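Good morning, and thank you for coming. I would ask you to have the sequence and the structure in view while I speak.

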Amino acid sequence: MNNKKTIKYWIIGSLVFLAAVVGLVSLSRARPKSETQTFNETYTDLGFDTPISFQATCTQEEFTKYEKILKDTFKEYNEIFDQYNPYERVNNIYTLNHETSGSPIEVPQPLIDCLDLAIEAGELDERFDVSEGKVLSLWHDAREAETPYIPDQNAIEQAKRHEGISAIQISGRTVQFTDPDLQLDLGGIAKGYTAGICADRLHEAGLDNGYINAGGNVVLLGEKPDGKDWVIGIQSPDTSPSVVQFTTKRPVVMVTSGDYQRYMEVDGKRYSHIIDPTTGWPAQYMRSVTVIGDADQSAWADAMSTTLFCMSVEEGMQFCKDNSLQAVWITDRDKPVDGLEADFVTPDYNIYCTAGLKDSLKLSL
């Protein structure tokens with residue numbers, strides 16, 4: 001699947017998410033600027049190779065202010081976490097990956113903060129590893145080729161020799177690699193981190209309602225202005241509508257990792273963009289997993305959804321229990337999980353969830 005198709009698919013998914021949130025008020029720019037109304041916008045030019053959706057209930061003047069904060073934040077942080085392009089005014093992931101001398105490089109503080117969190121996640125479980133950039137690059141090139149292909153196994157093994165978070169050395173605002181051939185990829189945490197920063201900035205500016213949806217990284221910015229519950233759909237892996245809905249009054253974050261977001265098909269088999277660091281191959285345990293957490297845990301939920309996608313549902317259940325996480329898994333109907341009874345069943349899927357979510361979930365109609 002090329003980038004244009006990916007963007008198109010995620011735009012559809014974002015619009016489905018908008019429809020799944022109950023009680024939205026339609027946008028009418030003809031109203032007076034001083035009148036409170038609900039604004040819904042989706043942007044495709046803010047980076048991270050994904051559409052960004054934004055909702056806020058406020059006046060036109062306030063929305064103009066909030067919209068600028070959102071755009072500026074995602075553009076700024078896209079440059080910081082970009083591994084494919086250099087920028088004159090910032091040392092970013094691209095800079096670190098193309099510096100071969102091994103000397104320390106000063107980077108923006110947000111990159112340090114996100115990298116610290118990523119290393120913490122990697123120390124918790126080896127299936128989250130931001131140092132596997134070389135392996136991910138092999139699969140990225142294969143996926144983006146005019147005719148997708150499976151990377152050579154020898155090339156994968158060679159690339160795996162240059163990974164390991166212990167080779168990342170951080171001192172103050174500088175980063176260096178003890179292995180000069182190591183490459184970073186923060187794709188499993190950067191969107192969630194950025195969405196969390198953006199939410200903080202919007203709160204500081206006075207916004208206490210609405211949401212951000214950055215390609216499956218959803219941050220609720222507060223309770224609904226009308227006092228009703230948020231009802232958020234978890235997308236079906238094969239069609240646009242949601243398959244299950246989560247209901248909450250309090251603000252939360254929801255981050256989904258799935259095999260339908262970016263993938264390629266080779267000889268009739270689907271290969272997702274999420275690579276298991278322990279094998280060097282795309283993980284294939286499930287169709288999707290969604291982590292739901294407190295509103296200030298956007299980056300951590302992003303990292304944990306990536307981690308859970310790379311382990312079996314049984315392992316994931318125990319991992320969530322050990323680490324106080326709440327999650328929802330979707331598997332194909334014809335691939336039941338041994339030893340676990342599905343909490344919800346549809347003609348196409350089995351749906352499993354941690355105990356703390358059972359009362360907040362229901363099948364979509």
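I shall discuss the pockets and cavities, then the strands and sheets, and finally one helix.

Please bear in mind throughout that this is a predicted model.

Let me begin with the empty space. Rolling a probe the size of a water molecule over the atoms shows where empty space is left. The largest pocket has a volume of about 920 Å³. Its lining comprises 40 residues, and those closest to the centre are Asp185, Gly187, Gly188, Arg262 and His273.

Which elements supply at least two residues each to that lining? They are the helices α1 (3–20), α2 (60–81), α5 (133–144), α7 (190–204) and α8 (298–309), together with the strand β10 (252–258). The largest share is that of α5, which provides five residues. Sorted by class, the lining consists of 14 nonpolar, 15 polar and eleven charged residues.

Turning to enclosed space, the structure contains two cavities of 30 Å³ or more. I shall describe the second largest, whose volume is about 50 Å³. It is lined by Leu96, Glu99, Gly102, Ser103, Ile105, Val175, Gln176, Phe177 and Pro180. Five of these lining residues are nonpolar, three are polar and one is charged. With three residues, strand β5 contributes the most to this lining.

That brings me to the sheet that holds β5. Here three strands form an open sheet in the order β3-β5-β4, with antiparallel pairing. Strands β3 and β4 are at the edges and have a single partner strand each, so one side of each is left without a neighbour in the sheet.

Consider the two pairings in turn. Strand β3, residues 105–106, pairs with β5 over two bridges, and Glu106 stands opposite Thr174 of β5. Strand β4, residues 168–171, pairs with β5 over four bridges. Within this second pairing, Ile168 is opposite Phe177, and Ile170 is opposite Val175. Strands β4 and β5 form a hairpin with two residues between them, where Gly172 adopts a positive phi near 60°.

What distinguishes the two faces of β5, residues 174–177? In a regular strand the side chains alternate between the two faces of the sheet. In β5, Val175 and Phe177 make up the covered face, whereas Thr174 and Gln176 make up the uncovered one. Val175 and Phe177, on the covered face, also appear in the lining of the second largest cavity, as does Gln176.

A second open sheet of three strands follows the order β8-β9-β19, again with antiparallel pairing. Its edge strands are β8 (230–235) and β19 (361–363), each of which pairs on one side only. On average, and with direction ignored, neighbouring strands of this sheet are turned by 30° against each other. Strand β8 is joined by six bridges to β9, residues 242–248, and the two run antiparallel. One such partnership places Trp230 with Thr248 of β9.

Next, I would draw your attention to strand β1, residues 37–43. Is this strand enclosed or open to the outside? Six of its seven residues are buried, so β1 is largely enclosed by the rest of the structure. Seven bridges join β1 to strand β2, residues 52–58, in an antiparallel arrangement. The bridge partner of Tyr43 in β2 is Ile52.

Within β2 we also find Ser53. Its relative accessibility is 0%, and the cut-off for a buried residue is under 20%, so Ser53 counts as buried. Its C-alpha atom is separated by 7.3 Å from that of Asn40, although the two residues are 13 apart along the chain.

I close with helix α9, residues 313–323. Which of its residues are buried? They are Val313, Gly316, Met317, Phe319 and Cys320. Viewed down the axis of α9, these buried residues fall within an arc of 165°, so they line one face of the helix. As a reminder, an α-helix has 3.6 residues a turn, so residues three or four places apart point the same way. On the other side of α9, Lys321 and Asp322 are exposed.

That concludes my presentation, and I am glad to take questions.

Key: Residues are numbered from 1 along each chain as its sequence is written. This is a predicted model: local features need pLDDT of at least 70, side-chain atom pairs count only at pLDDT 80 or more; totals for chains, interfaces and linings use all residues. Side-chain values use heavy atoms; hydrogens and water are left out. On a 1 Å grid over the protein atoms alone, a cavity is a set of points where a 1.4 Å probe fits but cannot get out, and a pocket is an open set with protein on both sides within 12 Å along at least five of seven lines; lining residues have an atom within 4 Å of a point. Grid points are joined across faces, edges and corners, and a volume is the space filled by probe spheres set on the points. Ala, Val, Leu, Ile, Met, Phe, Trp, Tyr, Cys and Pro count as nonpolar, Asp, Glu, Lys and Arg as charged, and the others, Gly among them, as polar. Buried means under 20% relative accessible area, exposed over 50%, partly exposed in between (1.4 Å probe, protein chains only). Two strands pair if DSSP finds at least two bridges between them. Axes are lines fitted to C-alpha atoms, for helices over the stretch in contact, and angles run from 0 to 180 degrees between N-to-C directions. The arc is that of the directions from the helix axis to the C-beta atoms.
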